[in-house]
Amino acid sequence: MRATHGCNAVWKTHDAASPTTMPEIVPVAWQAGAPLPPESLAILHRAADILHQGGLVAIPTETVYGLAAVATDAAAVARIYAAKGRPAFNPLIVHVEGIEMASPLVAEWPELAAHAAARHWPGPLTIVVPASAEVPEIVRAGGTTVALRSPEHQVTATLLKLLGKPLAAPSANRSGMLSPTTAAHVAASLGDAVDLILDGGTCDCGIESTVLDLSTPRPRLLRPGPLDRVTLEASLTCQIAGPETATTSSLLSPGLLPKHYAPNAALELASGGRDRVRDLLQAGHRVGWITHRHQANNLNTGTMPAERLHRLQLPDDPAGYARELYASLHRLDEIGVDAIVVDTPPSDEAWQAVHDRLRRASYCD
Ligand code: TXA
Ligand code: MG
């Protein structure tokens with residue numbers, strides 16, 4: 001049974017692909033701060049071969065898993081759009097191993113962009129700069145800019161170094177669905193549309209990178225993420241505008257549609273969701289309820305039907321909450337709940353990225 005949502009009983013339909021065969025998932029051993037062992041390097045050489053031949057490889061990053069192709073191979077990049085069901089107007093982030101690999105892709109480095117890259121790469125910061133002619137049109141979705149990021153995850157940083165080429169990589173999920181934070185999430189969403197999945201464990205940040213537009217003199221936050229605005233303003237010593245509201249952001253960054261990052265079940269935010277949860281349960285629904293750990297003692301669920309209530313408690317700090325958010329939503333989708341109620345998290349700046357993702361996940365169109 002499906003529950004009625006907060007807005008006009010509109011229900012999201014499950015538009016994910018139904019994978020027929022499972023793709024190959026290869027665990028890659030790695031340790032922070034240490035070079036990769038020889039068996040891991042051998043796997044990465046194989047991945048590099050697949051990429052050189054125009055294939056698609058799912059890669060672990062510190063934010064979420066990406067679906068990668070060589071960025072300068074327009075035919076391979078077209079396969080990314082097809083595998084995801086991604087609209088052609090939505091440009092891709094290009095992943096590089098440091099500033100040197102990024103330079104040929106950039107028409108001109110604005111001073112602030114050079115500073116941001118020097119200060120925050122490798123890490124969860126994507127910067128948008130004027131693109132050079134080396135960036136295929138399909139990667140830019142016809143625009144004049146390119147979004148660049150140098151991931152910190154050792155597996156993907158090493159792969160980029162071995163490959164010697166930049167990788168275009170959106171999140172490795174069907175378009176509009178939740179981003180994957182484990183290799184299993186990738187396989188469930190994309191199936192054998194991906195040639196190889198490199199399993200580098202659970203993503204540390206758990207939500208997508210911060211996207212900062214530095215292509216004009218006025219820095220603008222396009223997508224809040226693990227690096228928050230306060231930190232960026234302090235390190236870049238400038239004011240940063242944005243982000244826009246969910247509805248207008250797509251004008252600036254085509255992928256930032258108001259409805260995005262959505263689980264299958266309708267998700268709604270509620271401040272103190274207990275009453276809403278009880279109503280949904282009384283109406284016979286299976287309910288997922290996401291709360292904070294500090295609320296654990298106040299939530300007397302004694303009279304609620306345990307077999308239809310799935311409560312998940314997330315950490316109280318924004319980084320910890322973000323790390324577990326998508327995994328929790330994936331889990332509730334697997335269980336097959338009808339509705340997800342999320343107790344509204346705190347509203348201060350550090351929670352901005354979490355609020356952004358929850359707003360998009362709860363958007364009714
Ligand atoms: O953490 C991340 O950023 C992950 C990992 C794999 O790196 N990638 C990711 O990619 O989230 P994707 O495609 O799911 O989201 C990229 C966002 C989209 O909203 C897209 O519209 C925006 O970045 N974007 C890409 N190129 C852009 C550009 N040239 N100008 C403005 N926005 C751009
Ligand atoms: Mg995405």
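Q: At roughly what angle do the axes of helix H4 and helix H8 cross?
A: In this predicted model, H4 covers residues 111-120 and H8 covers residues 229-236. Their axes come within 10 Å. They cross at roughly 110 degrees.

Q: Are H4 and H8 roughly parallel or roughly perpendicular to each other?
A: Their axes cross at roughly 110 degrees. Angles of 65 to 115 degrees count as roughly perpendicular. The crossing is also right-handed. H4 and H8 are therefore roughly perpendicular.

Q: Which residues of H8 meet H4?
A: H4 brings Leu 112, His 115, Ala 116, Arg 119 and His 120 to the contact. The contact residues divide into four nonpolar, three polar and one charged. From H8 come Leu 232, Ser 235 and Leu 236.

Q: Is H1 oblique or perpendicular to H6?
A: Helix H1 (residues 38-52) and helix H6 (residues 154-163) have axes that come within 9 Å. These axes cross at roughly 60 degrees. Roughly perpendicular needs 65 to 115 degrees, and roughly parallel needs under 35. The angle therefore makes H1 to H6 oblique.

Q: How many charged residues are in the contact of H1 with H6?
A: H1 offers Leu 41, Leu 44, His 45, Ala 47, Ala 48, Leu 51 and His 52. H6 offers Val 155, Thr 158, Leu 159, Leu 162 and Leu 163. Nine of the contact residues are nonpolar and three are polar. The number of charged residues is none: no charged.

Q: What is the volume of the largest cavity?
A: Rolling a probe the size of a water molecule over the atoms shows where empty space is left. The count comes to one cavity of 30 Å³ or more. Its volume is about 40 Å³.

Q: How many charged residues line the largest cavity?
A: The lining holds Pro 224, Gly 225, Leu 227, Asp 228, Arg 229, Glu 349, Ala 350, Gln 352 and Ala 353. Four of these are nonpolar and two are polar. The charged ones number three.

Q: Which residue does a cis peptide bond join to Trp 121?
A: Most peptide bonds are trans. Here omega is about -10 degrees, and the bond is cis. The partner sits in the loop between H4 and strand S5 (125-130). It is Pro 122.

Q: Where does Pro 243 lie?
A: The peptide bond from Gly 242 to Pro 243 is cis. Its omega is near 0 degrees. Pro 243 lies in the loop between H8 and helix H9 (249-252).

Q: What is the phi of Ala 141?
A: Most residues other than glycine have a negative phi. Ala 141 is in the loop between helix H5 (137-140) and strand S6 (145-149). Ala 141 is not a glycine, yet its phi is positive, about 50 degrees.

Methods
Residues numbered from 1 in each chain as written. Chains lettered and ligands numbered in written order. Predicted model: local features only at pLDDT ≥ 70, side-chain atom pairs only at ≥ 80, totals over all residues. Heavy atoms only, no water. 1 Å grid on protein atoms, 1.4 Å probe; cavity = no way out; pocket = protein on both sides within 12 Å on 5 of 7 lines; lining within 4 Å. Points joined across faces, edges and corners; volume = space filled by probe spheres on them. Nonpolar A, V, L, I, M, F, W, Y, C, P; charged D, E, K, R; others polar. Axes fitted to C-alpha atoms, helices over the stretch in contact; angles between N-to-C directions. Helix = DSSP H or I, 4+ residues; strand = E, 2+ residues; numbered from the N terminus. Parallel < 35°, antiparallel > 145°, perpendicular 65-115°, else oblique. Left-handed = near helix turned anticlockwise from the far one by under 90°. Contact = heavy atoms within 4.5 Å.
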